[in-house]
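Visitor: I have a chain on my screen and would like to talk it through with you. Could you take my questions one at a time?

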Amino acid sequence: PAEFLRKHGLNQLTTYYDPYSQFLRTFELETLPTSFLIDRDGNMRGGVLGILDWSSAEAHTLIEAFLEEADRAEQRLPEA
């Protein structure tokens, strides 16, 4: 996945794996694969249940919307 993210200009994202399906069991999810977009504060911002071609326009739209919202949120933060 890291190579895919670099290849598609998505190197701002960090990927995590759940090899023992702990996340799926915790949230009682039964669909594999399952992908979530989680912000740096640990909030789930979007997701896909099932297979998604991550090189598709749909996936890029989802990721870009996530990144744009994150950028807007950072701009709203008060300066320290």
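Visitor: What is the mean pLDDT of the chain?
Guide: Good place to begin, since this is a predicted model. Of the residues in the chain, 84% reach a pLDDT of 70 or more. The mean for the chain is 77.

Visitor: In which helix is confidence highest?
Guide: Let's start from the other end of the range: confidence is lowest in helix H1, residues 2-7, with a mean of 72. The highest value is 84, and it belongs to residues 22-26. Those residues make up helix H2.

Visitor: What pattern does the chain follow along the sequence?
Guide: The chain has 3 helices and 2 strands. Reading along the sequence then gives the order of these elements, which is α-α-β-β-α.

Visitor: In which sense do strands S1 and S2 pair?
Guide: Happy to show you. S1 covers residues 34-38 and S2 covers residues 44-49, with 5 bridges between them. Two residues of S1 show the register: Phe-36 has Gly-47 as its bridge partner, while Leu-37 stands opposite Gly-46. The pairing is antiparallel.

Visitor: Which residue in the turn of the hairpin has a positive phi?
Guide: The hairpin is formed by S1 and S2, and 5 residues lie between the two strands. In that turn, a phi of about 90 degrees is found at Gly-42.

Visitor: Is Ser-56 buried or exposed?
Guide: Ser-56 sits in the loop between S2 and helix H3, which spans 57-76. Its relative accessible area is 18%. Buried means under 20%, so Ser-56 counts as buried.

Visitor: Which residue has its backbone oxygen 2.7 Å from a polar atom of the Ser-56 side chain?
Guide: Stay with Ser-56, in the loop that follows S2 and leads to H3. The partner atom at 2.7 Å is a backbone oxygen, and it belongs to Asp-53.

Visitor: How much of the exposed area do carbon and sulfur atoms supply?
Guide: For the setting, 21% of the 80 residues in the chain count as buried. The chain exposes about 6700 Å². Of that area, the carbon and sulfur share is 51%.

Technical notes
Residues are numbered from 1 along each chain as its sequence is written. Side-chain values use heavy atoms; hydrogens and water are left out. pLDDT is the predictor's confidence in each residue, from 0 to 100. Helices (H or I, at least four residues) and strands (E, at least two) are DSSP runs, numbered from the N terminus. Two strands pair if DSSP finds at least two bridges between them. Buried means under 20% relative accessible area, exposed over 50%, partly exposed in between (1.4 Å probe, protein chains only). A polar contact is a pair of N or O atoms within 3.5 Å; within protein, one must be able to donate a hydrogen and the other to accept it, and residues adjacent in sequence count only if both atoms are side-chain atoms. Accessible areas come from the Shrake-Rupley method with a 1.4 Å probe; for residues, only the protein chains shown count as cover.
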